[in-house]
Amino acid sequence: MSARVQRVGSMMTLFFNEIPVENLDSLDGVRTDLYTTFYQGMLEAGVTLPPSQYEAFFVSTAHSAEDIERIVSAAAGVLRTLGQA
């Protein structure tokens, strides 16, 4: 499994794909099924993300360092389970 974070400023999206997503053609091969599993795992961990892979996450000054740490920790745990799938 390969994953990439595509980011512009404070907007980002996680794609499960071998290549960077730069245009519509590069969306071929994106594993939306893995994103669905990731989304569900994050939700179970108490982190609400956009339900569609094609929407962006936003980080803002409203997020504390503790918020970011909790999200990163939850993501690491969910990603570990995906690596075993």
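Which residue in β2 does R4 stand opposite? R4 stands opposite F15.

This is a predicted model, in which local features need pLDDT of at least 70, side-chain atom pairs count only at pLDDT 80 or more, and totals for chains, interfaces and linings use all residues. Residues are numbered from 1 along each chain as its sequence is written, and side-chain values use heavy atoms, with hydrogens and water left out.

**The sheet**

Helices (H or I, at least four residues) and strands (E, at least two) are DSSP runs, numbered from the N terminus. Two strands pair if DSSP finds at least two bridges between them. Here three strands form an open sheet in the order β1-β2-β3, with antiparallel pairing. β1 and β3 are the edge strands, since each pairs on one side only. Strands of a sheet pair through backbone hydrogen bonds, either parallel or antiparallel.

β1 and β2 are joined by five bridges, and β2 and β3 by two. The table gives residue pairs across the sheet.

| Residue | Opposite residue or bridge partner |
|---|---|
| R4 | F15 in β2 |
| V8 | M11 in β2 |
| M12 | F57 in β3 |
| M11 | F58 in β3 |

In the hairpin of β1 and β2, two residues lie between the strands, and G9 takes a positive phi near 60°. A residue is buried under 20% relative accessible area, exposed over 50% and partly exposed in between (1.4 Å probe, protein chains only). Of the five residues of β1 (residues 4-8), zero are buried, so this strand lies largely in the open.

**Helix α1 and the loop after it**

α1 has 13 residues and reaches 18 Å from its first C-alpha to its last, close to the 18 Å expected at 1.5 Å a residue. The expected span is 1.5 Å times one less than the number of residues. The buried residues of α1 are L34, Y35, F38, Y39, G41 and M42. They cover an arc of only 165° around the axis, which puts them on the same side of α1. The arc is that of the directions from the helix axis to the C-beta atoms.

L49 lies in the loop between α1 and β3. L49 counts as buried because its relative accessibility is 10%. L49 and L14 are 35 residues apart along the chain, and their C-alpha atoms are separated by 11 Å.

**The largest pocket**

A pocket is an open set of points on a 1 Å grid over the protein atoms alone where a 1.4 Å probe fits, with protein on both sides within 12 Å along at least five of seven lines; lining residues have an atom within 4 Å of a point. About 440 Å³ of space lies in the largest pocket, a volume being the space filled by probe spheres set on the points.

The lining has 20 residues, and M12, L49, F57, V59 and I71 lie nearest the centre of the pocket. β2 (11-15), α1 (32-44), β3 (57-58) and α2 (65-83) each supply at least two lining residues. α2 gives the largest share, six residues.
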